[in-house]
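Q: Please take a close look at the disulfides of this chain. I should like a connected account of where they sit and what surrounds them.

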Amino acid sequence: MMLTPPQRKKLIFFPAILLLLGLSVLMPPTRPAYACSCVRQSVPNQALADATVVFSGQVTNIGQVKGRLNITFRVDEQWKGDSAQSLVIQTAATTAMCGYPFEVGQTYLVYANRRQGRLQTNQCSRTTLLSQAAEDLSVLSKDIPCKGWKAES
C-alpha cells in the first residue's frame with residue numbers, strides 16, 4: 001500500500017502531537033509569573049529621607065477593602081512621622097500587584113508614604129521583617145526615634 005504525501009504528513013503529525021501532549025502532562029508546573037517589578041531598592045539613608053513614616057511595629061489586624069489591604073500595627077518605635085501608638089498602612093491585596101505579604105503577629109520595619117490621603121507601602125520599599133532589618137537598624141540607630149517616643153510594652 002502506497003501512502004500519498006498528505007497521508008504521510010498525517011501519519012507523522014499525529015504521533016508528534018501525542019508525544020507533545022504526553023510530555024506537557026509529565027512536566028512539572030512552572031512558577032507563576034508576577035506583574036510586580038521593582039527597579040532598585042534605595043539604601044537605608046535614602047529610604048528614610050524619601051518616606052513619610054518609618055517605624056517598627058507588630059501587625060495586629062489585616063482587613064481588605066476594594067482590592068487593598070489595611071494593615072493595623074502596634075507601633076514599637078518610630079523614626080519618622082507623627083508619633084502614634086498604632087498606624088494603619090495600606091498595601092495591594094496581592095504580591096503580583098507589589099503588595100507586601102504582612103502576617104498578623106509578625107513585627108516589621110515599615111517605610112510608608114502618603115498617597116491619596118493614606119499611608120501605603122509595597123514590596124519595592126525597604127519594608128521587611130524586623131528580624132531581617134539589621135542593615136536598616138544600624139543606620140536608624142544613629143537617628144533618634146521620633147521625638148524620643150517609644151511605645152510602652
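A: **The disulfides and their setting**

The chain of this predicted model comprises three helices and six strands. Read from the N terminus, these elements follow the order α-α-β-β-β-β-β-β-α. Of the 153 residues in the chain, 30% are buried. Among contacts with a separation of 6 or more, 59% are made by residues 24 or more positions apart. The chain exposes about 10500 Å², and carbon and sulfur atoms supply 58% of that area.

Against this background, the cysteines can be taken pair by pair. A disulfide is a covalent bond between the sulfur atoms of two cysteines. With a cut-off of 2.5 Å between the sulfur atoms, the count comes to two disulfides. When the bonded cysteines are counted along the chain, the disulfides follow the pattern 1-3, 2-4.

One disulfide connects Cys36 with Cys98, at an S to S distance of 1.9 Å. Its angle about the S-S bond is 105°, and the link of Cys36 and Cys98 is right-handed. Cys36 belongs to the loop between helix H1 (5-26) and helix H2 (44-50), while Cys98 belongs to the loop between strand E3 (86-92) and strand E4 (107-115), so this pair ties together parts that are 62 residues apart in sequence. As to solvent exposure, Cys36 and Cys98 are both buried, a term that here stands for a relative accessible area under 20%.

The other disulfide connects Cys38 with Cys124, with an S to S distance of 2.0 Å. Here the angle about the S-S bond is -80°, and the link of Cys38 and Cys124 is left-handed. This pair, too, links distant parts of the chain: Cys38 is in the loop between H1 and H2, and Cys124 is in the loop between strand E5 (118-120) and strand E6 (128-129), the two cysteines being 86 residues apart. Cys38 has a relative accessible area of 36% and is therefore partly exposed, since that class spans the values between 20% and 50%. Cys124, at 26% relative accessibility, likewise counts as partly exposed.

Cys124 also leads to the surroundings of this second link, for Cys124 is among the residues nearest the centre of the largest pocket. The volume of that pocket is about 210 Å³. Its lining consists of 15 residues, and those nearest the centre are Ser42, Asn113, Cys124, Ser125 and Arg126. H2 and E4 each supply at least two residues of the lining. E4 gives the most to this lining, with three residues. E4 is also one of the two strands that flank the loop of Cys98, and H2 is one of the two helices that flank the loop of Cys36.

A further detail, apart from the disulfides, concerns a polar side chain in strand E2 (residues 68-80), where Gln78 is found. Gln78 counts as buried, with 0% relative accessibility. Its side chain has backbone partners: a polar atom of the side chain of Gln78 lies 3.2 Å from the backbone oxygen of Lys80, and the side chain of Gln78 reaches the backbone oxygen of Asp82 at 2.8 Å.

To return to the request, the link of Cys36 and Cys98 is right-handed and both of its cysteines are buried. The link of Cys38 and Cys124 is left-handed, with Cys38 partly exposed and Cys124 partly exposed.

Terms used:
Residues are numbered from 1 along each chain as its sequence is written. This is a predicted model: local features need pLDDT of at least 70, side-chain atom pairs count only at pLDDT 80 or more; totals for chains, interfaces and linings use all residues. Side-chain values use heavy atoms; hydrogens and water are left out. Helices (H or I, at least four residues) and strands (E, at least two) are DSSP runs, numbered from the N terminus. Buried means under 20% relative accessible area, exposed over 50%, partly exposed in between (1.4 Å probe, protein chains only). A polar contact is a pair of N or O atoms within 3.5 Å; within protein, one must be able to donate a hydrogen and the other to accept it, and residues adjacent in sequence count only if both atoms are side-chain atoms. Contact means heavy atoms within 4.5 Å. Accessible areas come from the Shrake-Rupley method with a 1.4 Å probe; for residues, only the protein chains shown count as cover. On a 1 Å grid over the protein atoms alone, a cavity is a set of points where a 1.4 Å probe fits but cannot get out, and a pocket is an open set with protein on both sides within 12 Å along at least five of seven lines; lining residues have an atom within 4 Å of a point. Grid points are joined across faces, edges and corners, and a volume is the space filled by probe spheres set on the points.
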